[in-house]
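This briefing covers two sheets and a ligand site. Please look over the sequence and the structure before reading the points below.

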Amino acid sequence: MSRRSAAAIPAMALSGLRVLELAGLAPAPLCGMILADFGACVVRVDRAPRSAVSVDVQGRGKRSLALDLKRPPGAAALRRLCGGADVLIEPFRHGVMEKLGLGPEVLMHENPRLIYARLTGFGQTGKYAKSAGHDINYVALSGVLSKLGRKSENPYAPVNLLADFAGGGVLCAMGILIALYERTKSGKGQIIDASMVEGIAYISSFLWKSQNLGFWNRPRGENLLDSGAPFYETYRTSDGKFMAVGAIEPQFYEQLIKGLGLDSDKLPDQLSFSDWPEMKKKFASIFAEKTQTEWCSIFDGTDACVTPVLSFDDAAAHQHNKQRSSFIKNDREEISPRPAPLLSRTPAVPSLKRDPFIGEHTEEILLEYGFTKNEIAQLYSDKVIEFNKPKANL
Ligand SMILES: C[C@H](CCC[C@H](C)C(=O)SCCNC(=O)CCNC(=O)[C@H](O)C(C)(C)COP(=O)(O)OP(=O)(O)OC[C@H]1O[C@@H](n2cnc3c(N)ncnc32)[C@H](O)[C@@H]1OP(=O)(O)O)[C@H]1CC[C@H]2[C@@H]3[C@H](O)C[C@@H]4C[C@H](O)CC[C@]4(C)[C@H]3C[C@H](O)[C@]12C
């Protein structure tokens with residue numbers, strides 16, 4: 001599919017939804033990609049003058065409009081675009097949109113049905129609202145980073161998955177869908193203040209609420225699910241790969257013990273914390289005796305909760321994932337995860353085309369939103385918009 005016009009994919013759940021995503025680093029692009037995967041018509045508004053290469057690697061299914069928001073005609077053009085949109089996603093720190101004259105009071109006055117999604121690290125208010133930050137800072141401020149890491153080591157941030165994507169892009173997409181549902185009843189849009197700090201804190205509700213169950217009262221790296229327990233750990237195999245073990249419940253733990261060739265009658269109790277370090281050493285030396293494939297042939301098909309730790313390539317090639325077509329290949333042979341979750345009647349149909357170049361669709365988008373050819377030519381000669389087609393027909 002070269003473009004996602006409203007009528008192109010009627011079967012998808014979000015078809016007909018018009019989304020404007022102001023280009024950002026990582027969280028907002030994921031949010032926009034999720035909406036595009038499920039059928040929304042997502043326009044990424046890139047900066048003009050444009051940088052040579054887009055840093056957005058999550059542009060699947062989107063189109064790009066290059067627009068200079070710092071120039072009054074550029075800001076006016078965005079206002080007009082917002083008049084015809086359902087959703088705006090903005091990824092700047094608090095105050096940037098207001099400075100451009102594009103704050104919610106302006107845009108929602110002109111289009112009261114607009115869902116104005118503000119995806120930031122620290123939120124729209126509070127001491128840090130105007131401060132720069134990245135994933136690791138947001139995870140830190142949420143309290144969650146203090147829980148992550150191995151025994152006696154510094155806290156460890158797991159790539160930028162938690163804040164940017166789980167607490168940021170995904171929760172913002174959820175907020176948008178909730179607001180859209182509410183709009184079907186009230187007819188009104190609303191502002192979404194999606195703070196990644198609060199997003200991570202929210203998805204960590206289990207950690208907060210299970211504190212009194214005794215899961216977390218030991219130091220970092222010595223608890224049930226944070227690499228303290230021998231039965232919730234990774235182990236190196238003889239070929240330098242790893243197995244992941246998650247045998248928590250006693251009946252599954254018993255199968256793990258059996259698969260490792262041990263006798264549970266001769267072992268300490270599963271929940272004897274003081275024996276965990278020794279048990280880890282025992283498990284580690286046994287796992288080191290066989291290759292990953294050999295361990296898979298022992299544990300596959302059992303309830304021991306033991307799985308191979310796969311590389312990206314191995315994950316895409318793994319039988320289970322292949323059986324479910326969990327990974328897709330685009331027209332450039334690039335492999336990436338298929339959108340999730342699977343909807344039975346109206347599943348996502350991700351675009352298999354390469355991501356858009358900056359400004360690749362400037363003209364067609366403006367025409368679609370009601371700009372005339374003359375107006376577009378004027379914006380172009382004023383250097384407010386850019387095309388990424390050298391032979392644009394103007
Ligand atoms: C892979 C890297 C990405 C890592 C992700 C990282 C771990 C994250 O955590 S991302 C989450 C960051 N936080 C947020 O998004 C929260 C909300 N946002 C913010 O807090 C801020 O935006 C900010 C702190 C992230 C950035 O602050 P900044 O001062 O830059 O921006 P703002 O204050 O928000 O203001 C924006 C200004 O821009 C103006 N603007 C916006 N749109 C337009 C427009 N259309 N027209 C005109 N002007 C516009 C706006 O008006 C504001 O202006 P003012 O400031 O004057 O008010 C990748 C991270 C970096 C990448 C590399 C880099 O890009 C260089 C290379 C580029 C090359 O193309 C590819 C290779 C690179 C090395 C590239 C590689 C990777 O992609 C990165 C490393």
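The model is predicted. One of its sheets is open and has three strands, placed in the order β7-β8-β9 with antiparallel pairing. A sheet of seven strands and the surroundings of the ligand follow after it.

**Three-stranded sheet**

- The edges of this sheet are taken by β7 (232-236) and β9 (306-309), each of which pairs on one side only.
- On average, neighbouring strands here are turned by 25 degrees against each other, with direction ignored.
- β7 and β8 (residues 242-246) run antiparallel and are joined by five bridges.
- Within this pairing, Thr 234 has Ala 244 of β8 standing opposite.

**Seven-stranded sheet**

- The seven strands form an open sheet with mixed pairing, and their order is β6-β5-β4-β1-β2-β3-β12.
- β6 (191-195) and β12 (385-386) each have a single partner strand, so one side of each is left without a neighbour in the sheet.
- In general, strands of a sheet pair through backbone hydrogen bonds, in a parallel or an antiparallel manner.
- β4 (residues 87-90) pairs with β5 in the parallel sense, over four bridges.
- In β4 and β5, Glu 90 and Arg 118 stand opposite each other.

**Ligand site**

- The ligand has 27 residues around it, and those that come nearest are Arg 47, Leu 67, Lys 70, Arg 93 and Asp 135.
- Arg 93 also has an N or O atom in its side chain at 2.7 Å from an oxygen atom of the ligand.
- For Lys 99, an N or O atom of the side chain is 2.9 Å from an oxygen atom of the ligand.
- Pro 91 takes part through its backbone: one of its polar backbone atoms is 3.0 Å from a nitrogen atom of the ligand.
- On its own, the ligand has 1,500 Å² of accessible area, and the protein covers 63% of this.
- The second largest pocket is the space taken by the ligand.
- Two or more residues of the shell around the ligand come from each of β2 (41-47), α3 (96-99), β5 (115-120) and α5 (135-141).

**Where the topics meet**

- β2 and β5, which contribute to the shell around the ligand, are also strands of the seven-stranded sheet.

Conventions: Residues numbered from 1 in each chain as written. Predicted model: local features only at pLDDT ≥ 70, side-chain atom pairs only at ≥ 80, totals over all residues. Heavy atoms only, no water. Pairing = 2+ DSSP bridges. Axes fitted to C-alpha atoms, helices over the stretch in contact; angles between N-to-C directions. Near = heavy atom within 4 Å. Polar contact = N/O pair within 3.5 Å; in protein donor to acceptor, adjacent residues only side chain to side chain. Areas by Shrake-Rupley, 256 points an atom, 1.4 Å probe, with all protein chains shown as cover. 1 Å grid on protein atoms, 1.4 Å probe; cavity = no way out; pocket = protein on both sides within 12 Å on 5 of 7 lines; lining within 4 Å. Sits in = over half its atoms within 2 Å of the grid points.
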